[in-house]
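The exercises below are meant to be worked through with the sequence and the structure in view. Try each task before reading its solution.

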Amino acid sequence: MSTLEFNQMLLNNTEFLKPFAITLTRDTEAAKDLVQETMYRALANKDKYNVGTNIKAWLYTIMRNIFINNYRRKAKQSTIFDSTPNEFLLNLNQGAVANDAVAKINLKEVQEAIHNLPEIFRNPFLLYFDGFKYHEIADMLGEPLGTIKSRIHFARKLLKNQLQRY
């Protein structure tokens, strides 16, 4: 394949790369940079392209790999290590509660609200909360699937009304 034919194939497929780049970056300027870097790498690695291979898939793969590498590079740059022997991460995102007693009171109120639900709603909700799937709950309680789904929905609705301040 001649260089002219290869360049023409790249130009014909540039428009297909833009939506994918926007999907990856969620930023139009970063997407333009990603498309440009993809085209540069494709031109630089023309010899690695096998004639007859799907050019779009090849370009998508190049773009995805560039995006992943840039993401990993940024993640490494934003991590700060403490030089103490334990090597704690300084920028570890941890949820902070101003007062542990407030959190316990809130948890007690939520548990009380769940306990105060009518039994017909409480049992399916607690099973769902424990990680069971709708169809498993329906089998355990011997109820139709739609009934279980609506009971869990109404339990959530009741809890939301009882715990409005959260």
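**Exercise 1.** Which residue with a positive phi follows α5? Having found it, sort the buried and exposed residues of this helix by the side on which they lie.

*Solution.* The model is a predicted one, and the steps below should be read with that in mind. Step one is to look just past the helix: α5 is followed by Gly131, whose phi is positive, near 110 degrees. Step two is to list the buried residues of α5, which spans residues 119–129, and these are Phe121, Pro124, Phe125 and Leu127. Step three is to view them around the axis, where they cover an arc of only 160 degrees, so they sit on the same side of α5. Step four is to turn to the face of α5 directed away from that buried side, where the exposed residues Glu119 and Phe129 are found.

**Exercise 2.** Find which members of the largest nonpolar core touch the most other members, and then trace which helices supply the core.

*Solution.* The largest nonpolar core has 17 residues, and those touching the most other members are Leu10, Ile55, Trp58, Leu59 and Met63. At least two residues of this core come from each of α1 (3–25), α2 (28–44) and α3 (55–78), while the largest share, 6 residues, is supplied by α3. Taking Met63 as an example and leaving aside its neighbours within four places in sequence, one finds it in contact with Leu17, Phe20, Ala21, Leu24, Leu34, Val35 and Thr38. Another core lies apart from this one, and its 8 residues include Ala113, Phe121, Ala155 and Leu163.

**Exercise 3.** Decide whether α1 is oblique or roughly perpendicular to α3, and do the same for α6 and α7.

*Solution.* For the first pair, α1 and α3 pack at an angle of about 45 degrees with their axes 9 Å apart. Angles of 65 to 115 degrees count as roughly perpendicular, and the angle here makes α1 oblique to α3. The crossing in which α1 passes α3 is right-handed, and among the residues making the contact are Phe6, Met9 and Phe16 of α1 and Lys56, Tyr60 and Phe67 of α3.

For the second pair, α6 (residues 134–141) and α7 (residues 145–162) pack at about 105 degrees, with their axes 9 Å apart, and α6 is therefore roughly perpendicular to α7. Their contact is made by Tyr134, His135, Ile137, Ala138 and Leu141 of α6 together with Leu145, Ile148, Lys149, Ile152 and Arg156 of α7.

Note on methods:
Residues are numbered from 1 along each chain as its sequence is written. This is a predicted model: local features need pLDDT of at least 70, side-chain atom pairs count only at pLDDT 80 or more; totals for chains, interfaces and linings use all residues. Side-chain values use heavy atoms; hydrogens and water are left out. A nonpolar core is a set of buried Ala, Val, Leu, Ile, Met, Phe, Trp, Tyr and Cys residues joined through side-chain atoms within 4.5 Å. Buried means under 20% relative accessible area, exposed over 50%, partly exposed in between (1.4 Å probe, protein chains only). Helices (H or I, at least four residues) and strands (E, at least two) are DSSP runs, numbered from the N terminus. Contact means heavy atoms within 4.5 Å. The arc is that of the directions from the helix axis to the C-beta atoms. Axes are lines fitted to C-alpha atoms, for helices over the stretch in contact, and angles run from 0 to 180 degrees between N-to-C directions. Angles under 35 degrees count as roughly parallel, over 145 as roughly antiparallel, 65 to 115 as roughly perpendicular and the rest as oblique. A crossing is left-handed if the near helix is turned anticlockwise from the far one by less than a right angle, and right-handed if clockwise.
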